[in-house]
Structure formats: C-alpha cells, structure tokens
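Biologist: Could you take me through some labels on this model and tell me what backs each one up?

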There are 2 protein chains.
Amino acid sequence: MGILLMIESFFLLISMLISLIYGGSDLFSFFISMLISASVGFLSYILTLKSKKKLARREAYIICFLVWVIFSLFGSLPFYFSGHIPFYTDAFFETMSGFTTTGASILNDIESLPKGLLFWRSLTQWMGGMGIILMSLAILPILGIGGMQLFIAEVPGPTLDKLHPRIKETAKRLWGIYILFTFLEVIFLMFGGMSLFDSVCHSFTTMATGGYSNYNTSLINVSPYIQSVVIIFMFIAGTNFSLSFFALNGKFNKIWKNEEFRYYFAFTLLFTFVISAVLMQNGKQSLGKSFLDSLFQVVSLMTTTGYATADYLSWGHFPIVICFIVMFFGGSAGSTGGGIKIVRILLILKNSALELKRLIHPSAIIPLRLNKKVVRPEIFTNILAFLVLYILIFVMGTLAMSILGSDLDTAMGATIASLGNIGPGIGDVGPMSNFSEISFVGKWILSLLMLMGRLELFTVLVIFSPYFWKK
Amino acid sequence: MGILLMIESFFLLISMLISLIYGGSDLFSFFISMLISASVGFLSYILTLKSKKKLARREAYIICFLVWVIFSLFGSLPFYFSGHIPFYTDAFFETMSGFTTTGASILNDIESLPKGLLFWRSLTQWMGGMGIILMSLAILPILGIGGMQLFIAEVPGPTLDKLHPRIKETAKRLWGIYILFTFLEVIFLMFGGMSLFDSVCHSFTTMATGGYSNYNTSLINVSPYIQSVVIIFMFIAGTNFSLSFFALNGKFNKIWKNEEFRYYFAFTLLFTFVISAVLMQNGKQSLGKSFLDSLFQVVSLMTTTGYATADYLSWGHFPIVICFIVMFFGGSAGSTGGGIKIVRILLILKNSALELKRLIHPSAIIPLRLNKKVVRPEIFTNILAFLVLYILIFVMGTLAMSILGSDLDTAMGATIASLGNIGPGIGDVGPMSNFSEISFVGKWILSLLMLMGRLELFTVLVIFSPYFWKK
C-alpha cells in the first residue's frame, strides 16, 4: 500500500506539472498533497519491507478496500488545500466519486476551477476506471504475490476473461487497450474543435465511464459531432474490454457471437427508439435532435457514465421511468461501467423464462445457457445473490437518505446514482443539479455506496460481515 | 366451472336477501345478476356433463385462472346493473379488487351504496380471501378429481402445510378456521358498538386481508377499541392458518418455533417502533395515538389488508419510504395476505448472508435452513425465481402506468398496491384517495396485476408463456 500511495503521488506530480504549465493558483496545494502522499507512502513501504507474507484471501479483500479508501483520502487533499472545496467531506466525496467513476459532483461552478484541479479530477476517474489495483498489477512485479486474489477482489464480475494465463499480462493488455482508446478519443475530439486540455480530460472521463465534465452544463453546449464521438466511446467503454481486444486483432465475429454484447446493443437501441418516439410526439424537437438526445442519454446512463446533453427529468413521466430503469443496467461485464451489468440481467431474465418452462415440464432438465454454454449453478447462485444484495443495499440506501430528509424520488435517485456509479439521478439530484445540497452524513453514506458499487458489493460487504473477523 | 358459477349465484342470492331485508334499490339488479350467473352456470354444467377426464397439470392452471376471471366478470354485474357503477370497466375493477382481496376502490362515495351492494362487495373479498377453489374443494366431491393440481395452482406458496393427507379435509379445516375467526371478530366488533351489518362486512374484509370498508374514510373515525380489534384480526389473518390450527388445538409452542412467525412479529414491531418514534418527534401526536396509528398502518400494509386510520402520506419522507417498503412484504405463507410473503424474504435475506460466508470459506458446504431444517435447492430456486419475476412485473407495471400518464410515485404505488393485493399505494393513489382517476386501460392492467398477485404469479404467467401452448 505504501508503493501504491507513491504511485498516487506520482499522478499528483503530473497534475502539478499541468498546473505549472497553465500557471494556476493550485500549484502549491498539489505540491503539499504530493509531499504528504509520497512521505506516508515511503514510510509505510520502509516500515513493512521485511514482511513478505503471501497474500491470503482475506488480506486481498482488505487491501483492495483500503487502497480505494486511502487513494480517496489522499486524493482529496489538493481540492481541500487549494480552498476550492472548503469542507473536507465535500473534497472526499468529489474524489471518491472520481475514483469510483461515479461522477456525482458537489461543485456549483466547475469552470472556476484551475486547470490543475480539473485535470486531477478527470485523472482520478481514469485511474479508477480500469482499476487502481489492475494498474499496479500491470506495472509492479511485487504484487505478483497474491495478485490473482487482488484481481478477484477488484474485478469480481461474473465473466471477466483472462486475456493471458498470467495475470500480469492480462492487466497489461487491458490497460494497453484502455490507453489506446483514450488516445483515439482525444484525436477525434480535437478534430471537432475541442481544446487539447478539454479533449484529454473528457477522454479520461469517457473511457472510465466516469462522466466528470470541465463544463458547468456537462456536454449540452458542444457540437453534435462531439456528442456523437462521446456516444461512440462511451459505448466502447461499456463493452467488455476482452471484446475490444478481439476487435483490435481483427476477430470481429467473436463480438457478434457474444450474447451479452448483442443484448447490450439491442437494449440501447430499444430504449433509444422508445424515448425518441415520446420526444417526437411531444412535438418540440426535430427527429434528428430527438434521436441524438435519446441515444446520448441512454448510452450515458446505461454505461453509467453520467454525462448529460439534455435534462431527462423534463421529458415527462414515461421517459423518466425508462431512464430510472436504465440506471440499474450498467455496462457489460469486464467494462469500466458500473451497475448490475447486462450479463447478470440477461441471465436472470433467461432463467425466469426457463422457470416457467420447468413448471410445465417438472421432470425435464432445462439448463441455463450463455453463448451456447451451460452456466454452472454456483455461478448463477452468485449472480442471484448479487442481485438480491444490490436491491437490498438500494433499499437501505434509500431508507438512509430519506431519514436524512430526502423525498422518495431523491432518495432513490441519489442511491442508485452512487451505487451504480452513474452520477446524476432523479428527483433533486438530476442531470441539471448536483449533490452539494446533500448533508455531510449523506455524503459519507453515498461515498460508501459508490465504493460498494465500484467493487461490486462482495469485496466491501465481506469485510463488514461478522464471519470475516471470526477465526 | 359451471358448478362454480352456480355457487357464485348462490352467494348473489344471499346478497339479494340482505337487500330484501334492508329494502334497498339494488334488489332487482341482484335478481338479474343471479339469474344470469345461475343460467350460464347450469347450461355449462349440463353441456359438459358427459366428459369426465382427469385434470392434468395444464388444465388445472387454466381452470384456476378462468374461475377467477369469470367470477369477477359475473360478480361485477350487480354493481353495473344497479347503476351505482355506471361503467363496466369500473365495476370489473371493483369486483376483481374484491375477489383478489386487494381493496383498491373506484368509489368516491361508498356510504351512498345500498346495503346489498355493500354486503356483496365485502363478500367478494371474503370468498377470495381463503380461495374460491379451496372453498369448492371443501364442499364439492366432484372436484376431487385433480383437486391437488387445482390446489397447487391457487395456493402455490412455498410452505403451505397440508393439515390432512386428504386435500378435501385440508380445505375443510382451513375454511373452518376462517369462518370461526370471522365469527369471533363480528362478536368483538359488535361489543365495541359497531352495528351487526358493519361488523359482518368488516370481519369479512379483515379476515380476507381485503380492506374494503363501508365507510368513506376507512376506519379513521371508529374508536381505538375497534381499531385495536381490527389490528389483532388483521395480524391473525396474516399468520399461516396452519399455525392458527395448532393454536386452536393448544399447541402454542409450535407457533413460537416457527421462524416465519417470529420474523413476522419482529418486523411488525420494528417498523411500528421506528414510525412511532418519527411521529412522536414530529410532536403533533401523543405517544398512545402515535403508536396505535403506526401499528395499525404497519399491520394493515404488511398483511396487505389496506384499511387506513391515518394518512401515512402526510407523515413525512422517511415513514412514507418505510410504508412503501412494507408493501412488498405481504403476510405469512398460507395466510390470506398477498405480497412477496415473509418466508420468501426471510430465506432470501438469510441466503445473502450465507453467500458472504461462502465467499470467505469457498470450500465449506453451508446449507440454507428454515426452522432448523435444510431448505432443498429447488425450493430456493423457485423462491428466487418468484422474487425476480415479482420485481420484473413490478417494473413492467410501473412502466405501463407511466405510459398512461402517471408520475413515478403514482405508477409505482398503483402497481404495488395492485400486485401486492394491498389497496392503497403512494402518490396519487394513497390511503385518502382512490383509483377512480386511473384510465380504463390502466384499470384493466391493474386488474391483471391483482390476479397475478393473488395467484402468486406463476399460475398466470405460465398460461401466458409460449411453452404452455406447445405440444
């Protein structure tokens, strides 16, 4: 963890350089933050150098959890020291929202931030998107010990394919694709007239399905070209990165054969068409604008990015309900998206249909299949447990937020926006508002929900379960 | 089905006699309705007398579904013919809401109804509460053929104990307990000064967990004594009737050993205390009134009865969210309550906790238990499928209601109020409003949801699945 903290201070150094180039007022706060992170990291490293125990299952869970918390604790320092976020709770919320790629913000005037802080804000999302520990696995030899356990703790999705038998190679390849797409998006955005700085920041937060924008009104005022580029890269970011790897190797047939991808594609189109139809019927917008707005919002919410090019809360009851439902979907497994994930929803729906078939033919053995292969019962049990826990945490979160004074819509909206790592929700935390009005207690609760969502529940829940601490 | 329709006409005859006694304007409409039901029933019986095929699994599902639909189709005639409900859709909605013990009403002035119709309205709930088919099984020898299949189709709950190896005896005992408790409640209500007529009607709708009241403001204006009596009988109606059977035989230890009952009791107290605390904090009500109001509303919603003695929508955000959550609970399995049922929720929560334990000890075999016995995997799979389908139908219902113009709260409220067989919901269909403003299409959709909820999803869903109609 000491080493990982030194890595964070390295990224703080980069942001400091950005601050230096653009001559911002935040230079000193970066310097202090970096110094603190680096010293604490170095000291921790030195003090624990002698112990070289192999990581057991339990330690892996704890380390993974702590790394994310510590990264947020130290990562919030520049916001706090610079005075741009006067309360530490707010700074922590903003940073946790960054690392978990949620994108929920407490900033009322984003554009007033100096360039260094804007860069750091986007960078937190980019680091968190593909995974802090995955990054460490790719670049550090030392974590090879127990690396697989850490990998599972950070990326517990049901079907993340290992691209290479060695975990280090897999991590390298995933980060390689991630960097490549980020680079491509920068080029495309600049081609549309966006500045280099904004292009880099937005590419960071698109590929991470994070959703932090440098603009106060998110992406409402950018050109349709730029909106379209962002749609495409959000969609890619919400696709299983193994599929992107195959695509880059020319194996396109593997993509269409993937059931999760087909449904991801189909769900996106279905919801887009339905909302477009409603917007057209309202009669206020042209066909093109209706379609683009619908597509952008659906992809943004489905991939849990959270950018906005329109206020879906002004679209009427039916589109709001659809958007709310889409918030539960999440991208594909093995993508940077949050939420429940398409593959889980797909398998659960499939099994429900099969259950009816089983009722009619009680003696027949009717297995659940994905990509024509039988899904093992223990995997499906785990998926169901995930769904149940997800709903349970959603209900608990809604209860907690309502105790703190939010109405039902806002309580549900803030909870799913955090738990699903989306950013905007419904009620008072819609795409045109932010989380600044939430109480401090509420912000800590939502921060925990973000981390639960990012680590896909189990890693965090396991640590909080009494079984974990029993001998 | 012909015979069953003749049974319905017999109950219409009883209502006609009530109308005759009280000299209401609805006498003729009952006469016509009874005549139609009896003739159609008799003709159907005569015409199919020769075929005596044994009932197969599929036919049982269809018969069960059709019986409920046909009972509502004919049962709505008196409302329609009398002119007190001018539109047939409304009359059907009111009747389906009766038979399914939902209690959602479209009547703006209940007290203007003649006594005969009020009696029939309560009687539909009483018949539907313990089950139309169960009643037939108890009194008709002919249904012995395939009776078990019908029994399963109407009462598919996970743990309904058979009280006797013969299905006919079980049905008789269940109906016997049901009649006994209804009779007891009448005595207790009359003791509190309620008229015989109102006592009978309210006992019918309490024991059925139906919730139709003869008063426009439900039970707001009755004495605390009567409210307390109703609480006790609602709670009994939400308890597994097998446990009541044991209690009547003096085996009280069996009750406390029952895990579902213990949690039913604990959940009720927990939610009551929490809401009482909030109401006390609001400072408007005394401790006694706060507790009684909380307890009444929690028991009413948890057992899916739906009576009201206060407007919970005026209690503030947190109590509203709790009430909304309670609506998903439902009574115990084997009770007359609707909803998901405590035992299902209990097992799902238990398994989620065990799943965390399994993550920490991946090689250990950790079975799920209820009442100290291991729950068979196929039963648990069925429970999970039920939960998933319940959520899915809830989402679809909410979507449908929002298409028809309801906001999110109203759409969710109307859906769970119907699907859970509760009656009042949240939003525009709260305890102080009714369903008269819902569109006709909406009323048909909600009627279907009520029936799905009453028959616990599978029976209805199976018929609508394509597998059912394949050879």
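Modeller: Here is a short round of labels and the cut-offs behind them. This is a predicted model, where local features need pLDDT of at least 70, side-chain atom pairs count only at pLDDT 80 or more, and totals for chains, interfaces and linings use all residues. Residues are numbered from 1 along each chain, chains are lettered from A in the order written, and side-chain values use heavy atoms, without hydrogens and water.

Biologist: Why is the pair K443(B) and D90(B) called a salt bridge?

Modeller: A salt bridge needs a Lys or Arg side-chain nitrogen within 4 Å of an Asp or Glu carboxyl oxygen. The closest N and O atoms here are 2.6 Å apart, so the pair qualifies.

Biologist: What does that pair tie together?

Modeller: K443(B) lies in helix 20 and D90(B) in helix 5 of chain B, so the bridge links parts 353 residues apart in sequence. Helices here are DSSP runs (H or I, at least four residues).

Biologist: How do you know whether K443(B) is buried or exposed?

Modeller: Buried means under 20% relative accessible area, exposed over 50%, partly exposed in between (1.4 Å probe, protein chains only). K443(B) has 2%, so the label is buried.

Biologist: And what makes F188(A) partly exposed?

Modeller: Its relative accessible area is 40%, so F188(A) falls in the in-between class.

Biologist: Which side chain of opposite charge is nearest to D26(B)?

Modeller: That's K115(B), 10.0 Å away; D26(B) is buried yet has no salt bridge. The D26(B) side chain does reach the backbone nitrogen of L117(B) at 2.9 Å.

Terms used. Lys and Arg count as positive and Asp and Glu as negative; His and the chain ends are not counted. A polar contact is a pair of N or O atoms within 3.5 Å; within protein, one must be able to donate a hydrogen and the other to accept it, and residues adjacent in sequence count only if both atoms are side-chain atoms. Helices (H or I, at least four residues) and strands (E, at least two) are DSSP runs, numbered from the N terminus.
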